[in-house]
Amino acid sequence: QEPLQVELNSFQALKDVGISEELLDVSVLALSGGQKRRVAIAGVLAMQPEFLVLDEPMAGLDPAGRREIFSLLKKLHEERGITIVFVSHSMEDVAEYADRVVVMNQGQIVLDGKPRRIFHYEKELQQIGLGVPQAAQLVHRLAERGAGIEQDCLTADESAAAILRWLEK
């Protein structure tokens, strides 16, 4: 690409990820963790990729920063058609944001499918050092103890709703 086009792409990418003009002259050391993450993503977006691969993209971010970054990634996927691949050990993030989950162990794919299907394999996931989201674990433990509660929950909101429905019966 021509240098001018790359510069235009860079400024547009910074705008797309929510970095305002006031921050353009600020030292990267003065940026928050979420802002640094956004600048890094903008650097890649300026190259107009079809795929974005992120390794533990939420590490070190507070809950608000996590929501902002995931909202940004969802927007990029929906508006630009960018395929987002994120590597994570946070089953809560996987349950909340992934459309498809590929579980690997020692370089081999052991599970592949929608999160709701994958998290039915709680014991298999535990055997390789993973688990299910904590909210889903709670619902599973309640069901194991005889609660007539639906177990197809992944997120805290889904689990809370299932527990409330069970309590109302």
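This passage describes the nonpolar cores, two helices and the enclosed space of a predicted model.

The largest nonpolar core comprises 32 residues. Within this core, the residues with the most contacts are Ile41, Leu73, Leu76 and Phe119. Two or more residues are given to the core by each of helix H1 (3-16), helix H2 (33-45), helix H3 (63-80) and helix H4 (91-97), and also by strand S1 (51-55) and strand S3 (101-105). The largest share, five residues, is supplied by H3. Apart from this core lies another, of seven residues, which includes Val139, Ala147, Cys153 and Ala162.

The contacts of Leu76 were examined with residues up to four places away in sequence not counted. On that basis, Leu76 touches Ile41 and Leu45, together with Leu52, Gly81 and Ile82.

Helix H2 has 13 residues, and at 1.5 Å a residue it should span 18 Å; its end C-alpha atoms lie 18 Å apart, in agreement with this expectation. The span is taken as 1.5 Å times one less than the number of residues. Buried positions in H2 are Gly34, Arg38, Ile41, Ala42 and Leu45. Viewed down the axis of H2, these buried residues fall within an arc of 105°, and they therefore line one face of the helix.

Helix H3 was treated in the same way. For its 18 residues, a rise of 1.5 Å a residue gives an expected span of 26 Å, and the end C-alpha atoms are 25 Å apart, which agrees. In H3 the buried residues are Gly65, Ile69, Phe70, Leu72, Leu73 and Leu76. Down the axis of H3, the buried residues fall within an arc of 155°, so they too line one face of the helix. Exposed residues Pro63, Arg67, Lys74, Glu78 and Glu79 are carried on the face of H3 turned away from its buried side. Just after H3, Gly81 adopts a positive phi of about 70°; Gly81 is also one of the residues touched by Leu76.

The search for enclosed space returned one cavity of 30 Å³ or more. The volume of the largest cavity is about 40 Å³. Its lining consists of Arg116, Phe119, His120, Ala136, His140, Gln151, Asp152, Cys153 and Leu154. Two of these lining residues also appear in the description of the cores: Phe119 is among the residues with the most contacts inside the largest core, and Cys153 belongs to the core of seven residues.

Definitions and conventions
Residues are numbered from 1 along each chain as its sequence is written. This is a predicted model: local features need pLDDT of at least 70, side-chain atom pairs count only at pLDDT 80 or more; totals for chains, interfaces and linings use all residues. Side-chain values use heavy atoms; hydrogens and water are left out. A nonpolar core is a set of buried Ala, Val, Leu, Ile, Met, Phe, Trp, Tyr and Cys residues joined through side-chain atoms within 4.5 Å. Buried means under 20% relative accessible area, exposed over 50%, partly exposed in between (1.4 Å probe, protein chains only). Helices (H or I, at least four residues) and strands (E, at least two) are DSSP runs, numbered from the N terminus. Contact means heavy atoms within 4.5 Å. The arc is that of the directions from the helix axis to the C-beta atoms. On a 1 Å grid over the protein atoms alone, a cavity is a set of points where a 1.4 Å probe fits but cannot get out, and a pocket is an open set with protein on both sides within 12 Å along at least five of seven lines; lining residues have an atom within 4 Å of a point. Grid points are joined across faces, edges and corners, and a volume is the space filled by probe spheres set on the points.
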